[in-house]
Amino acid sequence: MTTHRLDRATARRVAVRAQLLDAHRPTDLRAVVDRLTFLQLDPTAAVAPNADLVAWTRLGAAYQPSHLTRALEEERALFEQRAMVRPMADLGLHLAETAAWPEDARRRDWLAANDAFRRYVLDLLRDSGPLLSRDVPDRSVVPWPSTGWTNNRNVTQLLEFLNARGEVAISGRVGRQRTWDLAERVYPPGTPIVPAEEARRRRDERLLRSLGVARPVVVGAAGEPAEIEGTSGVWRVDPAALDGAPFTGRTALLSPFDRLVHDRQRALELFDFEYRLEMYVPKAQRRWGYFALPVLHHERLVGKVDATADRKAKVLRVHAIHEDVPFPPELTAALREELTALASWLGLPEVRLPSA
């Protein structure tokens, strides 16, 4: 098989377009999730929850969080599992994996010790579901041991584990609280289970299509081998992305969890972009901010914006703009337009920039 040789500008454009971050913006949430393969859920909302921010970055003002709720709860076009929102059409690619879960002895032994608790919860959901976790009595025989926040959170852990096993599903939310039900009442009946090896191959292919270029450790043997100028080792590239179509970029503010920057080593190798999420870093040691938004300009990652949505004051507060490279006037103007658009989407009438 021929090894593709890509210069970095081409590799960057492939990655940006694969993530739907070029100028040709999509118009449908379901199409976005299908292309990205998932939206990661995270409760942090210094600006907006990650899933919503990622969707807005692709769809713009046409997207509203209610669209995600509708797709999950009414249309059942998407499903939520293990802090990821995925296309319901991909469910069969995950069922073989869920049926084999868990592989580690610690979780397997805890479930076995609490099998009566498991059967009780399934019966309760069958008779009374969907339910919030607080509506499920704790009948565990062996508590869940942990040195972290999950210690003795037996109901939550059991529901999480049964969700990972495909026995229960998240049917909706009341505020931020999930409601749980039997999987058979949430997932489409008769969904075929794709054999594990084929499912893994197809998931790798879909993931590579969403990334454009990636290391084999991420996407296996999907796509075709590539070498990228200025980097060492072999990459995999989606051959369909090398169609020679002209690239037109735009300026975008990304979530810290955005898949374009999520793999920090890949971002460094492809984009010369150094980044880390600093929520858990002491304030005095932060370089870029609590929830700094990476700035994409065409095919380059050029900086970070430290911003907070102050909903009480109805202001998008920009604490700092970090320029990895000097911003020319057109980039500064485009960034301010993007900040204004973000504030408007958040329902905040003002953007407050840092003092000069």
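This is a short walk through one predicted model, covering its cores, two helices, a small sheet, the aromatic pairs and some backbone exceptions.

I'll start with the interior. The largest nonpolar core holds 68 residues. Leu 68, Leu 260, Leu 342 and Leu 346 have the most contacts inside this core. Helix H13, residues 329-346, gives the core its largest share, seven residues. Take Leu 346 as an example. Leaving aside residues up to four places away in sequence, Leu 346 touches Val 47, Ala 48, Ala 309, Arg 311 and Leu 316. There is also a second, separate core, of 22 residues. Among its members are Trp 101, Val 155, Leu 158 and Leu 162. Please keep Trp 101 in mind, as I return to that residue twice.

Next, helix H5, residues 92-99. Is this helix enclosed or open? Six of its eight residues are buried, so H5 is largely enclosed by the rest of the structure. The buried ones are Gly 92, Leu 93, His 94, Leu 95, Ala 96 and Thr 98. What do they pack against? Two strands and two helices: strand S3 (78-81), strand S4 (84-87), helix H8 (154-164) and helix H9 (196-211).

That brings me to H9. This helix has 16 residues, which at 1.5 Å a residue should span 22 Å, and its end C-alpha atoms are 22 Å apart, so expectation and model agree. Its buried residues are a mixed set: Ala 199, Arg 203, Asp 204, Arg 206, Leu 208, Ser 210 and Leu 211. Just after the helix comes Gly 212, with a positive phi of about 85 degrees.

Now the sheet. Four strands make up an open sheet with mixed pairing, in the order S1-S9-S10-S8. Strand S1 (4-6) and strand S8 (213-214) are the edges, each pairing on one side only. S1 runs parallel to S9, over three bridges, and Leu 6 stands opposite Ile 228 in S9. On the S10 side, the sense changes. Strand S9, residues 224-228, and strand S10, residues 235-237, are antiparallel, with three bridges. Pro 225 stands opposite Arg 236 in S10, and the bridge partner of Ala 226 is Trp 235. These two strands, S9 and S10, form a hairpin with six residues between them. In the turn, Gly 230 has a positive phi of about 80 degrees.

On to the aromatics. Searching the whole structure gives ten aromatic pairs. One of them is Tyr 63 with Trp 345, a tilted pair at 6.3 Å centre to centre and 35 degrees between the planes. How many residues separate the two along the chain? They are 282 residues apart: Tyr 63 is in the loop between helix H3 (50-59) and helix H4 (65-73), while Trp 345 is in helix H13. Both partners are buried, Tyr 63 at 1% relative accessibility and Trp 345 at 11%.

Another pair is Phe 273 with Tyr 275, and this one is stacked, at 6.0 Å centre to centre with 10 degrees between the planes. Phe 273 is buried, with a relative accessible area of 1%, and Tyr 275 is buried too, at 8% relative accessibility.

Here Trp 101 comes back. Ring pairs link Trp 101, Trp 110, Trp 144 and Phe 161 into a cluster.

Two rings have a charge over the face. Arg 139 lies over Tyr 120, at 4.0 Å from the ring centre. Lys 304 lies over Trp 288, at 4.1 Å from the ring centre.

Last, the backbone. Most residues other than glycine have a negative phi, and most peptide bonds are trans. Where are the exceptions? A cis peptide bond joins Trp 101 and Pro 102, with omega about 0 degrees. Pro 102 is in the loop between H5 and helix H6 (105-113). Gly 129 and Pro 130 are also joined by a cis peptide bond, again with omega about 0 degrees. Pro 130 is in the loop between helix H7 (115-128) and strand S5 (131-132).

For phi, I have two residues to show. Arg 76, which is not a glycine, has a positive phi of about 55 degrees. Arg 76 is in the loop between H4 and S3, and at 24% relative accessibility it counts as partly exposed. Ala 83, also not a glycine, has a positive phi of about 65 degrees. Ala 83 is in the loop between S3 and S4, and counts as partly exposed at 36% relative accessibility.

Conventions. Residues are numbered from 1 along each chain as its sequence is written. This is a predicted model: local features need pLDDT of at least 70, side-chain atom pairs count only at pLDDT 80 or more; totals for chains, interfaces and linings use all residues. Side-chain values use heavy atoms; hydrogens and water are left out. Buried means under 20% relative accessible area, exposed over 50%, partly exposed in between (1.4 Å probe, protein chains only). Contact means heavy atoms within 4.5 Å. A nonpolar core is a set of buried Ala, Val, Leu, Ile, Met, Phe, Trp, Tyr and Cys residues joined through side-chain atoms within 4.5 Å. Two strands pair if DSSP finds at least two bridges between them. The expected span of a helix is 1.5 Å times one less than its number of residues. Rings of Phe, Tyr and Trp (its six-membered ring) pair if their centres lie within 6.5 Å; planes under 30 degrees apart count as stacked, over 60 as edge-to-face and the rest as tilted. A charge sits over a ring if NZ of Lys or CZ of Arg is within 6 Å of the ring centre and within 35 degrees of the ring normal.
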